[in-house]
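Hi,

Here is the structure I said I would pass on. Have a look at it first, and then read on for what turned up.

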Amino acid sequence: MKKHNAIKSVLPAILLSTLTACGGSDSDSGIEVPPTEPPVASKPHESLDLVQPRKAVFDGDITVYLGRWYPCMEREYKGDGVDVSQYCTGDEAPTPMGKYNDNELNRNKITPDDSKYIFKVNADDIKAYAAQPDSPIPLRPDVYADGHFSVMDIVLYASHVRDDLDVKAIWNEELGTHLLSTAWDTDGDGTLSEAELSNRSTDWYPSYIWHDGEFDRLQGTPNLETVYVRADLGLAKSKMRIRMQPYNRAVTERRNMQFKLQADRKRANGDKMVMPLVWAIDAQGNDIVKVQNLEVTAHDLRTDIFQPGVITSMDVWLSLQDQGLADVRFTYWGTMSTSSEVNNYALTSVNGLRAQGMWGWAAATGEMFATQDFFLDDLEWPVPSDLIAADKGEGDPKLKGKCQWMHGGQGHTIESAQICIDEWYNKFGGFMDHDMPDQEVMHYPKGVIFAGYQKWMPGQFDITERHFVDESGNYENRVIADINDAIAPLTDEHFGWGIADCRNCHDDVHKGSLGVEQPYECATCHGSNGAMKGHGEVSRCFWCHTEDNQMAHHGSASGFMKFGDVVCDGTSLTGLNLAGMEEGSCAGAVNELDKERLSGPNGEWGGIKQPIHDQADNLKYYGENERTGINSDWHNSEDFPDPYSCVTCHPND
């Protein structure tokens with residue numbers, strides 16, 4: 001159990017203020033208790049462990065990035081219309097073709113002028129534009145509910161308000177989507193000349209990522225993902241980031257080939273949604289579910305976003321359950337402890353294999369032949385000669401066979417290998433993106449919907465609080481009391497019925513097994529005192545129970561603390577001892593301890609990347625006045641520890 005001196009300051013204040021639960025008003029308690037939604041009368045589907053509490057609203061801002069720039073180098077191909085001259089200052093010769101390997105520049109995080117090429121658009125303005133009689137948006141009113149839009153709609157709005165961009169959407173029946181024709185201000189003077197308007201490209205397309213809250217610190221400005229998704233079916237959400245950019249023609253062809261395959265597949269099945277393969281595996285690669293040719297029907301769980309009858313990838317899993325082919329469970333994620341506003345259902349269990357702690361299900365959809373299109377060697381950013389050597393059986397074997405469709409088995413040239421790296425060298429994109437199942441429109445059947453159970457995330461962050469359940473149902477050798485065996489259970493006649501913290505009214509609370517007052521251990525004899533039943537989760541409750549879903553009257557677990565008050569303790573997964581580190585972020589302490597041990601051979605950063613990095617992957621520690629929850633992956637409440645107190649009083653009966 002982690003100890004932190006914030007408890008000493010937070011707990012007395014809570015003890016004093018929460019006496020109001022015995023007769024005063026909550027407004028005097030010092031704890032912000034957000035309004036709660038009324039209980040849902042019935043589940044719209046049996047697979048839902050936690051039902052969506054409120055309708056989605058499209059509001060706020062979206063950040064838009066325009067264009068694409070490379071470092072100063074010699075470019076011998078012009079297939080993407082990229083001009084790099086603005087980065088050639090004349091002070092030194094351009095980098096020879098095939099020799100540059102700057103990951104930050106190649107990841108498309110640079111512009112000549114951020115104030116010019118990065119801007120925000122507001123949801124209210126987009127809605128007003130959509131209401132105009134001659135507005136082209138929404139492109140798919142047959143898909144989106146009133147007030148919701150696609151990523152392509154946002155691109156068209158950006159084109160409407162910019163003088164240096166002109167985008168037109170043209171329906172293509174064969175591919176089942178709108179294709180984009182783009183004119184761009186290539187000379188950067190802020191307007192489109194007649195020559196620029198006539199020099200249109202069909203290789204511009206949006207890349208994007210949804211709001212990631214504090215997780216932004218993991219990657220700095222995120223690498224917006226290259227998608228194999230119809231952008232007129234990709235959901236636009238508040239606070240997301242979109243880049244409208246040119247791609248090499250090879251990307252356009254690869255994307256459109258998959259669109260045609262999916263549209264042909266639907267036509268061949270009489271316009272029915274038949275998924276060729278639904279597949280789930282455990283962490284060892286064993287099949288949990290493998291079903292072919294599954295007919296999918298709409299369940300209309302998100303009519304707040306979509307029109308009735310629209311099928312999402314979540315409907316694929318629900319259809320699997322409807323037909324008795326698997327037992328699946330979903331839970332609803334609102335605003336997370338990372339401040340990420342998700343507001344979607346997440347797949348949390350398949351045939352009894354349930355997400356817990358940082359273990360869980362990662363899902364992907366796409367074509368089987370494209371599952372390895374995007375690749376990332378964790379050791380070093382490659383150059384074309386690395387790919388060419390790997391194909392010959394030399395060098396890094398993880399780079400062998402990449403982008404084979406570009407050369408038909410004849411082997412890469414420097415040009416094709418450079419394009420491959422520029423466009424596909426990324427961990428996420430295409431088959432693997434950060435879409436959520438209830439917002440991913442499955443208007444056309446993709447080749448496979450896949451889910452894999454992963455256990456690598458705890459090591460990625462090197463946490464000290466595991467929150468895992470062992471095979472016996474115990475937590476880190478701690479036995480959770482079965483409150484059904486309580487010898488003196490309380491009833492609704494109890495004055496404090498429904499109040500979690502017994503200390504609000506009682507000053508004689510027994511000290512728990514750790515020698516401190518732990519009210520949840522009272523439940524061993526007195527039952528749950530009116531606490532609601534659990535909703536299937538078994539650990540890491542703090543991840544969701546924060547911000548807009550904070551718990552009232554749960555002692556120190558109801559509050560927050562400053563990073564400057566955190567005292568780290570314990571041992572991380574890789575054996576780092578955090579005891580004795582300076583007060584502050586425990587993720588920062590792990591990084592500090594990791595720097596020397598895990599640095600690369602030339603001193604470059606090569607270690608585990610906790611969420612404390614800036615845009616250039618430099619360490620960026622949390623400020624001492626920034627706040628964190630009392631329960632986390634590195635420290636835990638002494639009086640209401642997660643998940644031990646949670647699963648004791650809220651059993652999943």
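Let's start with one pair of residues in a sheet: Val64 stands opposite Phe119 in β2. Before going further, please keep in mind that this is a predicted model.

The strands around that pair are worth a look. β1 and β2 pair in the antiparallel sense, with five bridges between them. Both belong to an open sheet of four strands, which runs in the order β2-β1-β6-β5 and has mixed pairing. At the edges sit β2 (118–122) and β5 (204–209), each of which pairs on one side only. From one strand to the next, the twist averages 25°.

Next, the helices. How do α4 and α5 cross? Helix α4 (residues 123–130) and helix α5 (residues 151–161) have axes that come within 11 Å and cross at roughly 85°, so α4 is roughly perpendicular to α5. On the α4 side the contact is made by Asp125, Ile126 and Tyr129, and on the α5 side by Ile154, Tyr157 and His160. Sorted by class, the residues of this contact are four nonpolar, one polar and one charged.

A second helix pair is α10 (residues 384–391) with α11. Their axes are 8 Å apart and the packing angle is about 105°, which means that α10 is roughly perpendicular to α11. From α10, the contact takes in Pro384, Leu387 and Ile388. From α11, Ile414, Ala417, Gln418, Cys420 and Ile421 take part. This contact has seven nonpolar residues, one polar and no charged ones.

How many of the residues of α11 are buried? Nine of the 11 are, so helix α11 (residues 414–424) is mostly covered. Several of the contact residues are on the buried list too, including Ala417, Gln418, Cys420 and Ile421. Asp422 and Glu423 are also among the buried residues of α11, as is Trp424.

Now for the charged pairs. The structure holds 21 salt bridges, and I picked out a few for you.

Which parts of the chain does the pair Asp49 and Arg329 link? Their side chains meet in a salt bridge at 3.7 Å, N to O. The two are 280 residues apart, so to speak for distant parts of the chain: Asp49 is in the loop between α1 (6–17) and β1 (61–66), and Arg329 is in strand β9 (residues 328–335). Asp49 has a relative accessible area of 15%, under the 20% cut-off, so Asp49 counts as buried. Arg329, at 22%, is partly exposed. The pair does not stand by itself either: Asp49, Asp327, Arg329, Arg354 and Glu537 are linked in a network of salt bridges.

Within a helix, there is the salt bridge of Asp264 with Lys260, whose closest N and O atoms are 2.7 Å apart. Both residues lie in helix α8 (residues 249–268), four residues apart, or about one turn of the helix. Asp264 is partly exposed, with a relative accessible area of 29%, and Lys260 is partly exposed at 31%.

Last one: are the partners Arg503 and Asp501 buried or exposed? Arg503 is buried, and Asp501 is buried as well. They form a salt bridge in which the closest N and O atoms are 2.9 Å apart.

Cheers

Notes: Residues are numbered from 1 along each chain as its sequence is written. This is a predicted model: local features need pLDDT of at least 70, side-chain atom pairs count only at pLDDT 80 or more; totals for chains, interfaces and linings use all residues. Side-chain values use heavy atoms; hydrogens and water are left out. A salt bridge is a side-chain nitrogen of Lys or Arg within 4 Å of a carboxyl oxygen of Asp or Glu. Buried means under 20% relative accessible area, exposed over 50%, partly exposed in between (1.4 Å probe, protein chains only). Axes are lines fitted to C-alpha atoms, for helices over the stretch in contact, and angles run from 0 to 180 degrees between N-to-C directions. Angles under 35 degrees count as roughly parallel, over 145 as roughly antiparallel, 65 to 115 as roughly perpendicular and the rest as oblique. Contact means heavy atoms within 4.5 Å. Ala, Val, Leu, Ile, Met, Phe, Trp, Tyr, Cys and Pro count as nonpolar, Asp, Glu, Lys and Arg as charged, and the others, Gly among them, as polar. Two strands pair if DSSP finds at least two bridges between them.
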